[in-house]
Amino acid sequence: MSQKTKRFEIRFWGNGQAHQGGRNEMEDVMRVIFDAEQAFFAVFDGHGGKEAAVFAKDFLCANIKKQKGFYSDDATLVMNAIKDGFLATHLDMWKQLDSWPRTKEGFPSTSGTTATVVILRGRKLYIAHVGDSGAALGRLNKEEKLEAVTLTTDHKPDVPSEKSRIESLGGKVLLRKRVQRVAWERPVHQGHEGPSRRGTEMEWVPFLAISRALG
């Protein structure tokens with residue numbers, strides 16, 4: 001009597017590509033880390049400057065790893081740790097704001113970034129993301145052809161649930177060039193210094209085409 005053993009095989013392809021497009025500087029970066037416990041893959045699509053994307057590349061993985069529960073066997077604790085690592089990185093960026101280049105209008109830096117992370121540990125795959133850098137899984141179907149299985153849903157302001165969340169927090173979603181964008185509430189006068197006070201004249205500017213980001 002023979003017993004069949006199921007094989008579990010993982011193949012890695014070390015390949016990446018970025019395209020600067022019409023922007024003044026490259027704002028997209030990626031990170032791949034292998035250690036004894038897991039493999040960490042991440043892509044960051046920056047906007048408003050490269051600072052946030054580079055910061056996330058340098059610190060997001062370490063921030064995730066140091067969260068309580070990350071090395072647990074309980075998947076829920078691991079997922080909570082990844083989420084806390086994202087939040088910690090986001091808050092750390094705020095501390096760097098004064099050192100990042102200001103906008104051409106004189107406002108503080110608007111640098112931000114999407115973040116899509118894939119962590120492989122044993123036979124478990126963890127996916128985390130903010131923004132619209134999607135993740136997909138390549139899988140062989142019954143015909144032995146590779147098909148893509150979508151693993152994430154883009155965070156966009158034209159998604160009804162995202163728009164409702166933004167508006168419930170006091171934000172606005174406005175249309176610019178036929179694209180729904182998260183509005184930026186900012187002082188009307190360029191080069192405004194210090195906090196916005198009651199008498200500060202403000203304006204809403206259609207700004208960000210994603211509804212979640214780091215930075």
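In this predicted model, the protein chain has an average pLDDT of 87, and 83% of its residues reach a score of at least 70. Confidence is not even along the sequence: residues 1-10 remain under 50 in pLDDT. For residues 1-10, the model contains four contacts beyond four places in sequence.

The secondary structure of the protein chain consists of three helices and ten strands. Followed along the sequence, these elements are arranged in the pattern β-β-α-α-β-β-β-β-β-α-β-β-β. Among contacts between residues at least 6 apart in sequence, 54% connect residues at least 24 apart. Of the 215 residues in the protein chain, 33% are buried. The area exposed by the protein chain is about 14500 Å², and carbon and sulfur atoms account for 51% of that area.

Two positions, T116 and G134, illustrate contrasting surroundings. T116 belongs to strand β4, which spans residues 115-121. With a relative accessible area of 5%, T116 is classed as buried, because the cut-off for a buried residue is under 20%. The side chain of T116 comes to 2.4 Å from the backbone oxygen of S133. When neighbours within four places in sequence are set aside, T116 is in contact with F41, A42, V43, A128, H129, S133 and A135.

G134, by comparison, is placed in the loop between β5 (124-130) and β6 (136-140). Its relative accessibility of 54% lies over the 50% cut-off, and G134 is therefore exposed. Beyond the neighbours within four places in sequence, G134 is in contact with T152 and D154. A further relation links G134 to H155: the two residues are separated by 21 residues in sequence, while their C-alpha atoms are 9.6 Å apart in space.

Aromatic side chains were examined next. The count of aromatic pairs in the model is six. One of these pairs joins F34 and F41 in an edge-to-face arrangement, with 5.8 Å between the ring centres and 90° between the planes. The members of this pair are assigned to separate accessibility classes: F34 has a relative accessible area of 54% and is exposed, whereas F41, at 24%, is partly exposed. F41 also appears among the residues in contact with T116.

The rings of F55 and F59 form a pair with centres 4.6 Å apart. Their planes meet at 45°, so the arrangement is tilted, given that angles under 30 degrees count as stacked and those over 60 as edge-to-face. Both residues are located in helix α1 (residues 51-65), where they are four residues apart, or about one turn of the helix. F55 is buried, with a relative accessibility of 11%, while F59 is partly exposed at 39%. Ring pairs also bring in W100, and F55, F59 and W100 are thereby linked into a cluster.

Arginine side chains are also found over aromatic rings. R121 is positioned over the face of F70, at 4.6 Å from the ring centre. Likewise, R186 lies over the face of W184, and the distance to the ring centre is 4.9 Å.

Key: Residues numbered from 1 in each chain as written. Predicted model: local features only at pLDDT ≥ 70, side-chain atom pairs only at ≥ 80, totals over all residues. Heavy atoms only, no water. Buried < 20%, exposed > 50% of the residue type's maximum accessible area, 1.4 Å probe, protein only. Polar contact = N/O pair within 3.5 Å; in protein donor to acceptor, adjacent residues only side chain to side chain. Contact = heavy atoms within 4.5 Å. pLDDT = per-residue confidence, 0-100. Phe/Tyr/Trp six-rings, centres within 6.5 Å; stacked < 30°, edge-to-face > 60°. Lys NZ or Arg CZ within 6 Å of the ring centre and 35° of its normal. Areas by Shrake-Rupley, 256 points an atom, 1.4 Å probe, with all protein chains shown as cover.
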